[in-house]
Amino acid sequence: MIKLNEAQTKAMIPDGHILVLAGAGSGKTRVLTQRIAYLVNQLGVNPREILAITFTNKASAEMRSRLAEVTDCADKMWISTIHSMCAKILRFEAEHLGYTSSFSIYSDTDSEKLIKRIVTDMHLDDDNIAKNAMWHISKAKNAALSPERYGFEYGYERQIDTIVSIYKKYEEMLKRANSMDFDDLLFECAQTL
Ligand SMILES: Nc1ncnc2c1ncn2[C@@H]1O[C@H](COP(=O)(O)OP(=O)(O)OP(=O)(O)O)[C@@H](O)[C@H]1O
Ligand SMILES: [Mg+2]
């Protein structure tokens with residue numbers, strides 16, 4: 001039997017939504033895996049209705065192996081990184097969003113390459129502009145702001161007109177390549193849900 005302290009036990013027993021905020025190595029994953037084990041082992045919840053999301057691939061592999069230690073149905077649960085969960089949902093819904101279900105996913109490195117190419121094509125010989133544009137584009141996407149809207153709200157930012165142009169071109173080229181970047185995965189999935 002795996003031990004939990006008092007606070008952990010409180011968080012383990014399912015009774016509505018909970019938010020656990022605790023330091024590194026303090027036993028968060030232990031609480032989460034025990035909570036899931038309690039749901040399926042004690043309460044008879046269908047393991048196919050369990051969704052366990054992590055941020056990194058490493059954390060999701062750890063979650064899978066630790067759930068396999070405390071349940072015999074970890075293989076039936078949906079254990080995944082947030083980006084991979086979004087991609088999976090979006091493949092079903094792609095057609096409604098103007099992509100095909102075989103859309104490609106641009107990693108941060110792919111995005112950086114594309115932005116650098118756009119900067120070169122626009123004959124902008126400023127070393128920092130690509131980096132700066134990447135930062136702004138990600139910020140805009142996380143706030144769900146279109147290039148026009150971002151330009152309007154952040155009109156006071158240095159080189160904003162250039163950044164807006166790069167952002168527009170970047171969106172155009174991604175869409176034409178039937179591709180989404182990491183920020184699109186989160187945003188499009190949230191919109192779809
Ligand atoms: N109540 C407990 N009694 C004994 N050991 C515990 C207890 N809670 C957690 N541990 C152990 O402490 C270590 C860290 O726990 P765990 O991995 O769950 O923490 P975490 O908060 O998820 O860590 P991280 O921040 O690295 O993700 C593990 O070896 C775990 O088995
Ligand atoms: Mg953990």
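Q: How many helices and strands are there in the chain?

A: The chain of this predicted model has nine helices and four strands. Along the sequence they come in the pattern α-α-β-α-β-α-β-α-α-α-α-β-α. With a radius of gyration of 21 Å, well over the 16 Å that the globule rule gives for 193 residues, the chain is more spread out than a compact globule.

Q: What box do the C-alpha atoms fill along the principal axes?

A: The box is roughly 65 × 35 × 25 Å.

Q: Which domains does the domain assignment give, and how far apart do their C-alpha centres lie?

A: The assignment has domain 1 at 6–76 and domain 2 at 103–192. Their C-alpha centres are 36 Å apart.

Q: What percentage of the residues count as buried, and what percentage of the contacts join residues at least 24 apart?

A: Burial here is a neighbour count: 20 or more other C-beta atoms within 10 Å make a residue buried, and 12 or fewer make it exposed. Of the 193 residues, 26% count as buried. Contacts are taken between residues at least 6 apart in sequence, and 62% of these join residues at least 24 apart.

Q: How should the side chains along a strand be read, and where do those of β1 point?

A: In a regular strand the side chains alternate between the two faces of the sheet. Strand β1 covers residues 51–54. Ala 52 and Thr 54 point to one face and are buried, while Leu 51 and Ile 53 point to the other face and are not buried.

Q: Why does Ala 52 count as buried?

A: Ala 52 counts as buried because it has 20 C-beta neighbours inside 10 Å, and the cut-off is 20 or more. Leaving aside residues up to four places away in sequence, Ala 52 touches Ile 36, Met 63, Met 77 and Ile 79. Ala 52 and Ile 82 are 30 residues apart along the chain, and their C-alpha atoms are separated by 9.1 Å.

Q: In which sense do β1 and β2 pair, parallel or antiparallel?

A: Strand β2 covers residues 78–81 and pairs with β1 in the parallel sense, over four bridges. Within this pairing, Ile 53 of β1 stands opposite Ser 80 in β2.

Q: Where is Cys 86, and is this residue buried or exposed?

A: Cys 86 is in helix α4, residues 82–93. There are 24 other C-beta atoms within 10 Å of Cys 86, so this residue is buried. Apart from residues up to four places away in sequence, Cys 86 touches Leu 185, Leu 186 and Cys 189. Sequence separation and distance in space can be set side by side for Cys 86 and Ala 190: 104 residues in sequence, and 8.3 Å from C-alpha to C-alpha.

Q: Which residues surround ligand 1?

A: The shell consists of Lys 3, Leu 4, Asn 5, Gln 8, Ala 22, Ala 24, Gly 25, Ser 26, Gly 27, Lys 28, Thr 29 and Arg 30. By class, three are nonpolar, six polar and three charged.

Q: Which helix gives the most to that shell?

A: Helix α2, residues 28–42, gives the most, with three residues.

Q: Where does Gly 27 lie, and how does its neighbour count classify it?

A: Gly 27 is in the loop between α1 (6–12) and α2. With 17 C-beta neighbours inside 10 Å, Gly 27 counts as partly exposed. Gly 27 and Arg 91 are 64 residues apart in sequence, with their C-alpha atoms 34 Å apart.

Q: Is Leu 21 buried or exposed?

A: Leu 21 also lies in the loop between α1 and α2. Only 6 other C-beta atoms are within 10 Å of Leu 21, so this residue is exposed. From C-alpha to C-alpha, Leu 21 and Glu 6 are 15 Å apart, with their positions 15 residues apart in sequence.

Q: What is the phi of His 123 and of Ala 144?

A: His 123 has a positive phi of about 55 degrees although it is not a glycine. Ala 144, likewise not a glycine, has a positive phi of about 55 degrees.

Q: Where are these two residues found?

A: His 123 is in the loop between α5 (108–121) and α6 (127–142), and counts as exposed with 6 C-beta neighbours inside 10 Å. Ala 144 is in the loop between α6 and α7 (147–153). With 12 C-beta neighbours inside 10 Å, Ala 144 counts as exposed.

Terms used
Residues numbered from 1 in each chain as written. Chains lettered and ligands numbered in written order. Predicted model: local features only at pLDDT ≥ 70, side-chain atom pairs only at ≥ 80, totals over all residues. Rg over C-alpha atoms; globule rule 2.2 N^0.38 Å. Contact = placed C-beta atoms within 7 Å. Near = placed C-beta within 6 Å. Nonpolar A, V, L, I, M, F, W, Y, C, P; charged D, E, K, R; others polar. Domains from an automatic or database assignment. Pairing = 2+ DSSP bridges.
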